[in-house]
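Reader: Could you walk me through how this fold is put together? I'd like to go from the sheet to the helices.

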Amino acid sequence: RLHHMGQVVARTDVFLSFATSAHLYQYVKPEVTAESKLFIKGGRHPVVERKLPPGRYISNDVDLDVTETQLAILTGPNMAGKSTYLRQTALIVIMAQIGSYVPATQASIGIVDRIFTRIGLRDNLTAGESTFMVEMRETAIILNQATAKSLIILDEIGRGTSTNDGLAIARAVAEYIHDYDSLGCQTLFATHYHELTDLPEYLAKARNFNMAVQRKGDTVIFLYNVEAGSSDQSYGINVAQLAG
C-alpha cells in the first residue's frame, strides 16, 4: 500500500507540475500524431526563455516531414541562436511525448522512436580519443542506429579536422541521411560550411534555412529569427571581436 501510494503521489506531482508550467508560461496542447511530420509554430526554449525578461525570447517555427522538407540545412552566424533552435525543437518533441503541453503557439508532432543528437565538443582522453574521434564515434552511432521514425539533431559536423576533410564528412553524412533506404528521417543540420547550401540542388527533400542578422557598418545585430534561404557569412571575426 505504501508503494502504491508513493506511485500515486509521484504521478500526481508530475501532472501537477505539467499543468502549473503550462498555465504559468503559456504552453499549448500539442497534437500528437502517428505521421512522420513535425510542425511547431512559435516554438520557444523552455529553459532559456525563463532566463530572459518576459517577452524577450524570439520564438521560431519548425516544419519538417519526410516527403518535402526532411533535411533542414541551417546556416548563419555564431551566437545567432542555431544551437538554441536545435535544442528547443528536441525538447518540445520530448515534452509532447511525455504528456506535457509545450512552449509554442501551435504544435503537431509525429511520434519519434528516438532523438539522436551530435552537439558540442568533448574528448575522452583516458580512452585515447580526441574531440574529433568522439564526434566521429557519436556520428557513426547515429547513422547506424537511427531509423526512418527518428529525429536527428546535428550541430557542426566535421569541424575538428581540416576544412576539406570536414566538409567531405559533413556532406557525406547529410547525403547518407537523405538517401539511405532505412533512414530518410527528419533532420536539423546546422553548419558553418556554406558549401553545403547547394545540397537542395541535389537532394529533393533538403531545404536551406538561416539565422537572420542585420549589419550596420561594422556592427552585426543578431535577430535570432529563422528564415528560409541560406546565409553567406558566419561573422566569426565579429564574434571574436565581441569576445575581446
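Reader: In what order do the 4 strands of the open sheet come?
Author: This is a predicted model, and its 4 strands form an open sheet with mixed pairing. Going across the sheet, the order is β1-β5-β2-β3.

Reader: Which strands stand at the edges, each with a single partner strand?
Author: An edge strand has one partner, so one side of it is left without a neighbour in the sheet. That applies to β1 (31-33) and β3 (60-65).

Reader: How many bridges join β2 to β5?
Author: Strand β2 covers residues 37-43 and β5 covers residues 106-110, and the two run antiparallel. Within that pair, K41 stands opposite Q106 in β5. The number of bridges joining β2 to β5 is 4.

Reader: What angle does the direction of helix α2 make with that of β2?
Author: Helix α2 (residues 82-97) packs on the sheet and touches β1, β2, β3 and β5. Its direction makes an angle with that of β2 of about 110°.

Reader: Are α3 and α4 roughly parallel or roughly antiparallel?
Author: Helix α3 (residues 131-145) and helix α4 (residues 163-179) pack with their axes 11 Å apart, at an angle of about 10°. Angles under 35 degrees count as roughly parallel. So α3 is, relative to α4, roughly parallel.

Reader: How many residues of the contact of α3 with α4 are nonpolar?
Author: Helix α3 brings F132, M136, T139 and L143, while α4 brings I169, V173, Y176 and I177. In this contact 1 residue is polar and none is charged. The nonpolar count is 7.

Definitions and conventions. Residues numbered from 1 in each chain as written. Predicted model: local features only at pLDDT ≥ 70, side-chain atom pairs only at ≥ 80, totals over all residues. Heavy atoms only, no water. Pairing = 2+ DSSP bridges. Contact = heavy atoms within 4.5 Å. Axes fitted to C-alpha atoms, helices over the stretch in contact; angles between N-to-C directions. Parallel < 35°, antiparallel > 145°, perpendicular 65-115°, else oblique. Nonpolar A, V, L, I, M, F, W, Y, C, P; charged D, E, K, R; others polar.
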